[in-house]
Amino acid sequence: MTNSIMKLVRDNIRELKPYTAARHEYSGNAAVLLDANESAYGEYNRYPDPLQWQLKFQLARIKGVPAENIFIGNGSDEVIDLACRVFCEPGRDNVIICPPTYGMYEVCANINNVAIKKVLLTKDFQPDMPAIWNAVDENTRLLFICSPNNPTGNTLNRQDVLQLLSSFKGIVIIDEAYINFSAQKSFTEALTTFPNLIIMQTLSKAWGMAGLRLGLAFASMDIIDVFNKVKPPYNISQLSQETALFKLQDTAVVNELTRMTVAERNRLSLLLRGLAIVEKVYDSDANFLLVKFKDAGKVYEYLTGNKIVVRNRSKEPLCDHCLRITTGTASENNQLINLLKQYNG
Ligand SMILES: *Cc1c(COP(=O)(O)O)cnc(C)c1O
């Protein structure tokens, strides 16, 4: 392990002797498997590959990232939790998040008793660089960047993110859950330059597999190794691995659905802009829109009362009177627009 990353890993984790599962110790092609106390009968009777190599090889082809630089988690949530547990000493270290942003960073830090420093985005939802540098101290281990950001939908300035990557001494986590919907490119090409970079992506959004719970992390082998050491041995089920492998074969379908979703998002945005009750529709690089209403609370009640549920984000900083609306099918979006046209609160 390179020195700089090793120094960031908690002492107990660096010294951890990991559990060796049966499928770790023997991964050849034995004819008789009597090593793992599995049932000898049935369809899903065997433990799955703990390191999900087939799935990783397929992802490597699609993402242009070597398989050994890929980690697969039980949703991105597992990756966020691992990052907190591996790099942050509870009660001592802290992480920086930039609200308004994804809620799980704060929850995972809280669960692990890791302090959170909140540095709000600027009014145009960009990193507040001087404020971030101000917040960093000797115990700051993680910096969470979400781009395109949830719930604002915008991409963060590439130059700012690169500057954070090259100057911050801890781990920078760039959450690219919505990258497929963005016109901006991924940071994957920066992986070879920055050993302290973790890029998170997910199969839950553009890939349409939220039910399978598959979150991805791309990082240096040092980081991947330590994640593999700490994760539960069989964190991804056989069913998830097989189904994802099958679905990942058809990239053409996903590309077409993503293109359709972006077209629908843009159409929905235009229609919303035409409504008198809408104050602002923020530009989006994701599959959702942040929309500012004259009275978001009332509109939210009206929509749920009529069986359409959106996300009320109006309590989030900088999101006064904002609802977050996911792009649905053309028909769902039309239902939403028609309902909003009839609103007279
Ligand atoms: C939806 C989302 C994820 C995906 O989480 P999974 O656990 O992989 O389903 C990650 N980050 C952000 C910002 C998201 O909005």
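1. The model is predicted. Tyr178 places a polar side-chain atom 2.6 Å from an oxygen atom of the ligand. Asn150 does likewise, with a polar side-chain atom 2.8 Å from a ligand oxygen. From Asp77 the contribution comes through the backbone: a polar backbone atom of Asp77 is 3.5 Å from an oxygen atom of the ligand. On its own the ligand has 390 Å² of accessible area, and the protein covers 94% of that area.

2. The surroundings of the ligand can be listed further. The ligand is surrounded by 13 residues, and the closest are Asp175, Tyr178, Ser204, Lys205 and Arg213. Sorted by class, this shell holds four nonpolar, five polar and four charged residues.

3. Asn150 appears again in the backbone geometry. The peptide bond from Asn150 to Pro151 is cis, and its omega is near 15 degrees. Pro151 sits in the loop that runs between strand S4 (140-146) and helix H8 (158-167). Most peptide bonds are trans. A reader checking the ligand site will thus meet Asn150 twice: its side chain has a polar atom 2.8 Å from a ligand oxygen, and its peptide bond to Pro151 is cis.

4. A second cis peptide bond should be noted, the one joining Pro99 and Pro100, with omega about 0 degrees. Pro100 belongs to the loop between strand S2 (94-97) and helix H6 (104-111). Thr101 is in that loop between S2 and H6 too. Is Thr101 buried or exposed? Thr101 has a relative accessible area of 11%, so it counts as buried. The side chain of Thr101 makes a polar contact of 2.8 Å with the side chain of Asn149.

5. Pro100 can also be placed relative to a distant part of the chain. Its C-alpha atom is separated by 9.8 Å from that of Lys315, although the two residues are 215 residues apart along the chain. Lys315 is found in the loop between S10 and S11. With a relative accessible area of 79%, Lys315 is exposed.

6. Strand S1 (residues 70-73) is covered on both faces. Ile70 and Ile72 lie on one side, Phe71 and Gly73 on the other, and all of these residues are buried. In a regular strand the side chains alternate between the two faces of the sheet. The partner to examine here is strand S7 (residues 215-219), which pairs with S1 in the antiparallel sense over four bridges. Within this pairing, Phe71 stands opposite Ala217 in S7.

7. Another group of strands lies later in the chain. An open sheet is formed by four strands in the order S8-S9-S11-S10, with antiparallel pairing. Its edges are strand S8 (278-281) and strand S10 (311-312), each of which pairs on one side only. Strand S9 (residues 288-293) and strand S11 (residues 322-326) are joined in the antiparallel sense by five bridges. Val291 stands opposite Leu323 in S11.

8. How many disulfides does the model contain? The count comes to zero, where a disulfide would need two cysteine sulfur atoms within 2.5 Å. Cys88 is not bonded to Cys84 because its sulfur is 5.3 Å from that of Cys84, the closest cysteine sulfur, and this is too far for a bond. Cys88 counts as buried, at 1% relative accessibility. Cys322 is in no disulfide either, as the nearest cysteine sulfur, in Cys319, is 5.1 Å away. Cys322 has a relative accessible area of 0% and is buried.

9. Two residues other than glycine deserve a look for their backbone angles. Most residues other than glycine have a negative phi. Asn37, by contrast, has a positive phi near 55 degrees. Asn37 is in the loop between helix H3 (22-25) and helix H4 (53-63), and at 79% relative accessibility it counts as exposed. Phe125 likewise has a positive phi, near 60 degrees. Phe125 lies in the loop between strand S3 (115-118) and helix H7 (129-135). Which is Phe125, buried or exposed? Its relative accessible area is 5%, so Phe125 is buried.

Notes: Residues numbered from 1 in each chain as written. Predicted model: local features only at pLDDT ≥ 70, side-chain atom pairs only at ≥ 80, totals over all residues. Heavy atoms only, no water. Buried < 20%, exposed > 50% of the residue type's maximum accessible area, 1.4 Å probe, protein only. Helix = DSSP H or I, 4+ residues; strand = E, 2+ residues; numbered from the N terminus. Pairing = 2+ DSSP bridges. Near = heavy atom within 4 Å. Polar contact = N/O pair within 3.5 Å; in protein donor to acceptor, adjacent residues only side chain to side chain. Areas by Shrake-Rupley, 256 points an atom, 1.4 Å probe, with all protein chains shown as cover. Nonpolar A, V, L, I, M, F, W, Y, C, P; charged D, E, K, R; others polar.
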